[in-house]
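Me: Please take a close look at how the inside of this protein is packed. I'd like one connected story about the interior rather than a catalogue.

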Amino acid sequence: MGGDGRMKKLASQQEASDIPRIVKELKAAAQDGKEKNAHLLDVLAQSLDEANVAAMVKAGAIGPLVGLVAQGTDGGQIHAASTLASIAAGQRENQMQVVKAGAITPLVVLLRSGSEKAQMHAAHALASLSEDHDHQKPIIKAGAINPLVRLVRVGIDDAKVHASSAIANLADQNPEAQAAIFAGGATPLLLQMLHSGKSQTSAANALAKLLSPAPNDVTPIYAASAPANVEVQEAVWKEGGIAPLLALLNGVNIAAQVNAAAALANLARGNAEAQSLIARAGGIGPILALLPSRNSQAQAQGANALAQVARFHRENQDSIARMGGLPLLVSLLQSSSPLEVQAMAALALTEICRNNYDNQSSTAELGSISSLV
């Protein structure tokens, strides 16, 4: 059994009650001891046991882990960054504590100059921290964008996934970050990732966020009138991005379907050429196929994509109606559907029926008015 296997076996024998002792040893040990204890915490955190993560935070593990990222052995940095990523994932309070402990700068330094594995785990940690919008500007200010784009270009598969997830978070509704990421050459790299099974979901998500409109205090983010990133839109369709995004809609990975539909919605948003290109590529059928999904996010993003493809585009409006889109959308207006699904279905019907008497009449005949009221 290798060293990593022995450590995993040792960690499997630990319990949440052992974590305070491990953290205490992490604080007091020499570098080799710090690496060993960080490895134990890393394995325990990766178990996704909330009790383990809570015990680490309570025992004061965050500060020593941040210190190890800044000044540790390669192994210590790897395990410290990985553990911080697990502690911060989906936990806003934990994310705040990690940032307060000063983690951003050493993580970005590690992302830039660490070993291959250290860079991967630094990207993972930054992806977790950037889930909180309040942390995105500090991460960008620390210089994370260029090394993240470089990691998408040259990193191993897992590194590309984490780096593209971090890019997605930083780009979301942030025109300045989108411009910097685009200038760094991320778009063609993300389009290439759409062809790789392991990275397709994160790449589609990053493209969707790169294309996302800026926030508006008056108009809801997903309102049809919100402008998208025109520069990225043009790059995506000119570099052949439509076909692989549509291919993801036909796959079995629900998360990939949702992200691809969001990317196509933002690609078509306010852009007549993209709307036509998506329809010519046979995109309306795969988008419609999302509406009967059992996954509410797939339904919502499918309806959103239809809205953007149909907006002020008479040919696409008629194609959607001809292919059976109206009854599918009307069925999503029922009170049994989640609110987001109802809202997106209403938006799609608005755009399909806009200045289109035939579609207006058909939609009314399907009983939509009472549901809308």
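Reply: When I say that two residues touch or are in contact, I mean that they have heavy atoms within 4.5 Å. Keep in mind, too, that you're looking at a predicted model.

Let's begin with a polar residue. Ser82 sits in helix 6, which covers residues 74-88. Its relative accessible area is 3%, so it falls under the 20% cut-off and counts as buried. Skip everything up to four places away in sequence, and Ser82 touches Asp42, Gln46 and His121.

Now for the nonpolar side of things. The general background is simple: in soluble globular proteins, nonpolar side chains tend to be buried together. Here the largest nonpolar core has 114 residues. Leu41, Leu65, Leu107, Leu148, Leu190, Leu267 and Leu329 are the ones with the most contacts inside that core. If you want to know which helix gives the most to it, look at helix 18 (residues 254-268), with nine residues.

Pick Leu267 out of that list and follow its contacts. Beyond its neighbours within four places in sequence, Leu267 is in contact with Leu211, Gln233, Val236, Trp237, Ile242, Ala274 and Ile278. Two of those partners, Ala274 and Ile278, are buried residues of helix 19 (residues 272-280), and Gln275 and Ser276 are buried in helix 19 as well. The buried residues of helix 19 pack against helix 16 (230-238), helix 17 (242-249) and helix 18, and also against helix 20 (284-288), helix 21 (296-310) and helix 22 (314-322). Just past the end of helix 19, Gly282 takes a positive phi of about 80°.

That glycine turns up again when you come in from helix 17, where Leu246 lives. Leu246 has a relative accessible area of 5%, which is why it counts as buried. Not counting residues up to four places away in sequence, Leu246 touches Leu264, Ile278, Ala281, Gly282 and Gly283. Ile278 therefore has Leu246 as a partner and Leu267 as another. For a sense of scale, the C-alpha atoms of Leu246 and Ala51 are 41 Å apart in space, with their positions 195 residues apart in sequence.

Helix 18 isn't hidden throughout, though. Ile254 lies in helix 18, and it is partly exposed because its relative accessible area is 33%. Ile254 and Ala346 are 92 residues apart in sequence and 23 Å apart in space, C-alpha to C-alpha.

Next, follow another of the well-connected leucines, Leu148. Leu148 is one of the buried residues of helix 11, along with Ile145, Pro147, Val149, Leu151 and Val152. Together they pack against helix 8 (104-113), helix 9, helix 10 (133-141), helix 12 (157-171), helix 13 (175-183) and helix 14.

Zoom in on one of those pairings. Helix 9 (residues 116-129) and helix 11 (residues 145-154) pack at about 120°, and their axes are 11 Å apart. That angle is above the 65 to 115 degree range and not over 145, so the two helices are oblique to each other. Their crossing is left-handed. Helix 9 brings Gln119, Met120 and Ala123 to the contact, while helix 11 brings Leu148, Arg150 and Leu151. By type, that contact comes to four nonpolar residues, one polar and one charged.

Leu190 takes you to the last pairing. Helix 14 (residues 186-193) and helix 15 (residues 200-210) have axes that come within 8 Å and cross at roughly 145°, and helix 14 passes helix 15 in a left-handed crossing. From helix 14, the residues involved are Thr187, Leu190, Leu191 and Met193; they meet Gln200, Ser202, Ala203, Ala206, Leu207 and Leu210 of helix 15. This contact has seven nonpolar residues, three polar and no charged.

To finish, two loop residues are worth a click. Gln173 lies between helix 12 and helix 13 and has a positive phi of about 55° despite not being a glycine. With a relative accessible area of 24%, Gln173 is partly exposed. Phe312, in the loop between helix 21 and helix 22, also has a positive phi, near 55°. Its relative accessibility is 55%, so Phe312 counts as exposed.

How values were computed:
Residues numbered from 1 in each chain as written. Predicted model: local features only at pLDDT ≥ 70, side-chain atom pairs only at ≥ 80, totals over all residues. Heavy atoms only, no water. Core = buried A, V, L, I, M, F, W, Y, C linked by side-chain atoms within 4.5 Å. Buried < 20%, exposed > 50% of the residue type's maximum accessible area, 1.4 Å probe, protein only. Helix = DSSP H or I, 4+ residues; strand = E, 2+ residues; numbered from the N terminus. Axes fitted to C-alpha atoms, helices over the stretch in contact; angles between N-to-C directions. Left-handed = near helix turned anticlockwise from the far one by under 90°. Nonpolar A, V, L, I, M, F, W, Y, C, P; charged D, E, K, R; others polar. Parallel < 35°, antiparallel > 145°, perpendicular 65-115°, else oblique.
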